[in-house]
Amino acid sequence: MDLMPTTLPLFETAASSGCAEKTYVIFGGRRGGTTAVAGVCQRLGLFIGSGLEANLEDLSFRKIHGMEHIRETIDERNEKFQVWGWKHPTPHSYLSSVVPNLRNPRFIVVSRDTAAHAAGMMEREDRSAEESLRLHVKTERQNLDFVFKHKMPTLFVSYEKLLVNPDETILDLAQFLGFSATPRKIRQINSFIHPGRYEPVDTIGKARNFLNQLLGRTSNTV
């Protein structure tokens, strides 16, 4: 039986994929699996910063430092690296404004199952079921709007597919990045993305709590 695709590429071109210079931005949503995907990219060979936070975020790309600082950081990285990138779960407030500063920008957008994503936000951010669902939908819309506005090479990656079918997803990411993925490297990366290794994952428990709260709220409003 053929395996279902684990990723979805959009707007890829031979000119972009064949260019020696590439800049990647990895984003998706809060509690949306961007750390796992960024970790895979980093282990495949993508430089995403030094002195990173535990969630693999580069503090230099937080808007609190100001747009001038972000643009200066981009210029510095362009001078040092042909291929590099950074991870920010929700960079929508500034990303469009720095696209002109990026050399051959390429985007990796991480998506999550609706129930699992909402359940994760409920547990870790103390949000209600309704608020979590609405935030999930809003984030997905922002991501789609950005991608279709700029129409630049983009790879949509399913976090759940990464967990269920890691080898295929790693190979897809490696191809989009232009890096090799040997069997040994794939085994090493698998040990990183296994649920509970880089952060605890209890998908069944989160989904059950989410559904219980949502059904409880629904029954009280009928």
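Here are some short exercises, with worked solutions, on a predicted model of a protein.

**Exercise 1. Salt bridges across the chain**

Task: Find which residue forms a salt bridge with E57, and explain why the pair ties together separate parts of the chain.

Solution:
- Step 1. Begin with the distance: the closest N and O atoms of E57 and K87 are 3.5 Å apart, and the two residues form a salt bridge. The cut-off to compare with is 4 Å.
- Step 2. Now place both partners. E57 sits in the loop between α2 (34-44) and α3 (67-80), while K87 belongs to strand β3 (residues 83-87), so the pair ties together parts that are 30 residues apart in sequence.
- Step 3. Check the surroundings: E57 is buried, and so is K87.
- Step 4. Look for further partners. A network of salt bridges links E57, R62 and K87. In the whole model, the count comes to nine salt bridges.

**Exercise 2. Two more pairs to compare**

Task: For the salt bridges R112 with E160 and D145 with R141, work out where the partners lie.

Solution:
- Step 1. In the pair R112 and E160, the closest N and O atoms are 3.0 Å apart. R112 lies in the loop between β4 (105-111) and α5 (114-125) and E160 in helix α7 (residues 159-164), so this bridge joins parts that are 48 residues apart in sequence.
- Step 2. R112 has 14% relative accessibility and therefore counts as buried, since the limit is under 20%.
- Step 3. Turn to D145 and R141, whose side chains meet at 3.6 Å, N to O. Both are in helix α6 (residues 129-150), and because they are four residues apart, about one helical turn separates them.
- Step 4. D145 has a relative accessible area of 43%, so this residue is partly exposed.

**Exercise 3. A buried charge without a bridge**

Task: K22 is buried yet has no salt bridge; what is the nearest side chain of opposite charge, and how far away is it?

Solution:
- Step 1. Locate the residue: K22 is in strand β2.
- Step 2. Search for an opposite charge. The nearest such side chain is E12, 8.2 Å away, whereas a salt bridge needs a distance within 4 Å.
- Step 3. See what the side chain of K22 does reach: the backbone oxygen of S17, at 3.2 Å.
- Step 4. List some of its neighbours. Leaving aside those within four places in sequence, K22 has contacts that include W84, R103, N104 and L177.

**Exercise 4. Helix α2 and the core**

Task: Decide whether α2 is mostly covered or mostly open, and find which element gives the most to the largest nonpolar core.

Solution:
- Step 1. Count the buried residues: nine of the 11 residues in α2 are buried, so the helix is mostly covered. Among them are V37, V40, C41 and L44.
- Step 2. Go to the largest nonpolar core, which has 27 residues; V37, V40, C41 and L44 are among those with the most contacts inside it.
- Step 3. Compare the suppliers: α2 gives the most to this core, with six residues.
- Step 4. Zoom in on L44. Beyond its neighbours within four places in sequence, L44 has contacts including I170, L173, F179 and I189.

**Exercise 5. The two sides of α9**

Task: Where do the buried residues of α9 fall when seen down its axis?

Solution:
- Step 1. Pick out the buried residues of α9: I186, I189, F192 and I193.
- Step 2. Look down the axis: these residues fall within an arc of 110°, so they line one face of the helix.
- Step 3. Turn to the other side, where P183, R184 and R187 are exposed.
- Step 4. Ask what does the covering: α2, α7 and α8 are included in what covers the buried residues of α9.

Methods:
Residues numbered from 1 in each chain as written. Predicted model: local features only at pLDDT ≥ 70, side-chain atom pairs only at ≥ 80, totals over all residues. Heavy atoms only, no water. Helix = DSSP H or I, 4+ residues; strand = E, 2+ residues; numbered from the N terminus. Buried < 20%, exposed > 50% of the residue type's maximum accessible area, 1.4 Å probe, protein only. Core = buried A, V, L, I, M, F, W, Y, C linked by side-chain atoms within 4.5 Å. Contact = heavy atoms within 4.5 Å. Lys, Arg positive; Asp, Glu negative; His and termini not counted. Polar contact = N/O pair within 3.5 Å; in protein donor to acceptor, adjacent residues only side chain to side chain. Arc of directions from axis to C-beta.
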